[in-house]
Amino acid sequence: MRRSKAFIPTTKEAPSDGQLASHIFLSRGGFVSQVASGLYNYMPLGKRVIKKIENIINEEMQLADAQEVELSFVTPADLWQESGRIEKFGKELLRFRDRKENLFVLGPTHEEMMVDMVRNRITSYKQLPINLYQIKTKFRDEARPRFGLMRGREFIMKDGYSFHSSQEDLNREFDAMESAYKKILIRLGLDFRIVEADSGAIGGTGSKELMVLAQSGEDTIAVCDTCEYGANVEAAKRSGRSSIPEAPVADFNKFKTPNIKSIEDLENFFKVDAYYTIKCVAKRVIYEEESEIVLFFLRGCDNLQEVKAVNAAGALDIADLSEEELQEIGLIPGFIGPLEQDKAKHVIDNDLINAVNMICGANEEDYHYVNVDMSVLGEAYYADIAEVNEGDICPCCNGKLSFTKGIEVGHIFKLGTTYSKALKAEYLDENGKAQPFIMGTYGMGVSRLVAAIIEQHHDENGCIWTKEAAPYMVNIMISNIKDTEQVELAEELYAKLQEAGVETVLDDRKDRFGFKMKDAELIGFPYTVIIGKELANGLVQIYERKSGENSSISKELVFSQIMKFV
Ligand code: ATP
Ligand code: MG
């Protein structure tokens, strides 16, 4: 491509809401342009990167025997009613009516559509397993679209769905998809980690996320310093604590604690470690049609993990509460405890099962109980609701957990029969008996990957594309367009590289060298061949974007050297 003819509108202007490097450089580099909140156009460079990623995904999916399909973006609302997800997805679903008043939804994901396509077409166990996927625009009316392509409302996803006649076969396919996804990310040159993920309201057991490691990531992941264990904090487990503080000595008693309300107050007042105090986090828990106040109790040194809390309550979401709302139902903020309390439902953290020497609110103004033995509660509802802390012991070995940030670029999930049962999608087994399909689902964020690559590969001057994702591999820079010798060599090299199938840009613009170099840095071509003054001595330079190194090479060898690099 001749740069003088290319539509690559680079600019010095960063987007006004640009916080992340990827958002800033993809806009400034002329890859994407914003249309409205969470909506983007892909300009030629952006489209090329998207295609690169899609090609890699397609190649790995073909190798894994998955078959490509393409489902309608507009999906009938009836299907969402059938699965029961129309309420669960709530406002993220963009709904509209056609001229005949039929209700439709812009597809945010395609489980229902895929099940609908397969039901009554695959009817026998002999036709299983099958894995169908597409690479397709999705629409989710996200509450807070942000960070450019990272969290758009319209975005591109690779979504795949597999159908099986046994759990073992689903497990096998799940592992195969995990390896295929791994290969895709390795080919894209990404540093990533596969972690255990929350299975959400859908339930099921196996759910893993592919996290590209980056400080700007929105997800916190707990990783073990010794073994392979890694999990989203939403799902992370721990096997214990590295050290348990010395227990306070006291008899069971109700103690006057005037105005002692916070965990910190209790620590100072009783001179105990927060480990021996019980924290109450009151939340409004939201179900499909109603909501209620639920009290979550955990050790004072722990924090409530909200996704775990939502799952434990079997809810759709949770929200904060005011002190007034608690007082209205007779609770006394600062003094709420799990003993003799029936104003609201309880969920107690697993770490408090049979805990002793505890201090908790006495449900009476200015009073706490000391030396509480939690076993007196008998059959309370216990669940894992605490967020793991850095330094906690790994659930798989004796290593310690630490936190790091990740960008979720993929999510693979053992769905089981949730959708096939809801949509009555069945096949006949060996005995001629109708059975619901056992399903897996495998998602990968294609447009989010574009941003993730740049989050991991950039510097203060712009993008640094990895080889497999680069929109063009080589940029040939004519330093002085009036110098015919420079132009001739550039044209010759350009023709040879094109012929050899190397994607190349010829920067034949009249602008100053410094300006053109800045532009090349911003766009992030892996290699720029600089044809300049040194050509008088038979030399040109190859500039490598990643290392920032410039090496002189004789003009006769430049083609073969580039071929070696690419
Ligand atoms: P998130 O937790 O980031 O909102 P999700 O868990 O809702 O994502 P999935 O339903 O698992 O997303 O979708 C599969 C993949 O699609 C995600 O792993 C992510 O890479 C991508 N994705 C999801 N939402 C968006 C979005 N709003 N913009 C860009 N990519 C997205
Ligand atoms: Mg996900």
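A donor to a metal is an N, O or S atom within 2.8 Å of that metal, a cut-off that becomes 3.2 Å for Na, K and Ca. Keep this in mind as you work through the exercises below, which are based on a predicted model.

**Exercise 1. Which residues coordinate the magnesium ion (ligand 2), and are they buried or partly exposed?**

Step 1. Apply the cut-off to the ion. The magnesium ion (ligand 2) is held by Glu408 through OE and by His411 through ND1, at 2.3 to 2.4 Å.

Step 2. Look at the accessibility of each residue. Glu408 has a relative accessibility of 22%, so Glu408 counts as partly exposed. His411 is partly exposed too, because its relative accessible area is 22%. The buried class takes in values under 20%.

**Exercise 2. Describe the surroundings of ligand 1, starting with the residues that come nearest.**

Step 1. Find the neighbours. There are 14 residues around ligand 1, and the nearest are Arg140, Glu142, Arg151, Gly152 and Glu408.

Step 2. Sort the shell by class. It holds five nonpolar, four polar and five charged residues.

Step 3. Look for short distances to N or O atoms of side chains. In the side chain of Glu142, such an atom is 2.8 Å from a nitrogen of ligand 1. For Arg140, the distance is 3.0 Å, to an oxygen of the ligand. His411, which also coordinates the magnesium ion, has a side-chain N or O atom 3.2 Å from an oxygen of ligand 1.

Step 4. Ask how much of the ligand is covered. On its own, ligand 1 has 590 Å² of accessible area, and the protein covers 81% of that.

Step 5. Trace the shell back to the fold. Strand 8 (154-164) and strand 21 (401-416) are the elements that give two or more residues to it. Strand 21 supplies the largest share, four residues.

**Exercise 3. Where does Glu209 lie, and is it buried or exposed?**

Step 1. Place the residue. Glu209 belongs to strand 10, which spans residues 207-213.

Step 2. Check its accessibility. The relative accessible area of Glu209 is 4%, so Glu209 is buried.

Step 3. List its contacts, leaving aside neighbours within four places in sequence. Among them are Arg193, Ile194 and Val195, and also Glu408 and His411. Those last two are the residues that coordinate the magnesium ion.

Step 4. Pick out a polar contact. The side chains of Glu209 and Asn232 meet at 2.8 Å.

**Exercise 4. Which residues of helix 8 are buried, and what do they pack against?**

Step 1. Find the buried residues. In helix 8 (residues 306-313) they are Lys308, Ala309, Val310, Ala312 and Ala313.

Step 2. Identify their partners. These buried residues pack against strand 14 (278-286), strand 15 (291-299), strand 16 (317-319), strand 17 (345-349) and strand 20 (382-383).

Step 3. Inspect both ends. At the N-terminal end, Gln305 acts as a cap, with a side-chain oxygen 2.8 Å from the backbone nitrogen of Val307. Just after the helix, Gly314 adopts a positive phi of about 60°.

**Exercise 5. Now step back: how many helices and strands does the protein chain have, and what share of its residues is buried?**

Step 1. Count the elements. The chain has 14 helices and 31 strands.

Step 2. Consider burial. Of its 566 residues, 52% count as buried.

Step 3. Consider the extent of the chain. Along the principal axes, its C-alpha atoms fill a box of roughly 95 × 65 × 50 Å.

Conventions. Residues numbered from 1 in each chain as written. Chains lettered and ligands numbered in written order. Predicted model: local features only at pLDDT ≥ 70, side-chain atom pairs only at ≥ 80, totals over all residues. Heavy atoms only, no water. Near = heavy atom within 4 Å. Polar contact = N/O pair within 3.5 Å; in protein donor to acceptor, adjacent residues only side chain to side chain. Areas by Shrake-Rupley, 256 points an atom, 1.4 Å probe, with all protein chains shown as cover. Nonpolar A, V, L, I, M, F, W, Y, C, P; charged D, E, K, R; others polar. Buried < 20%, exposed > 50% of the residue type's maximum accessible area, 1.4 Å probe, protein only. Contact = heavy atoms within 4.5 Å.
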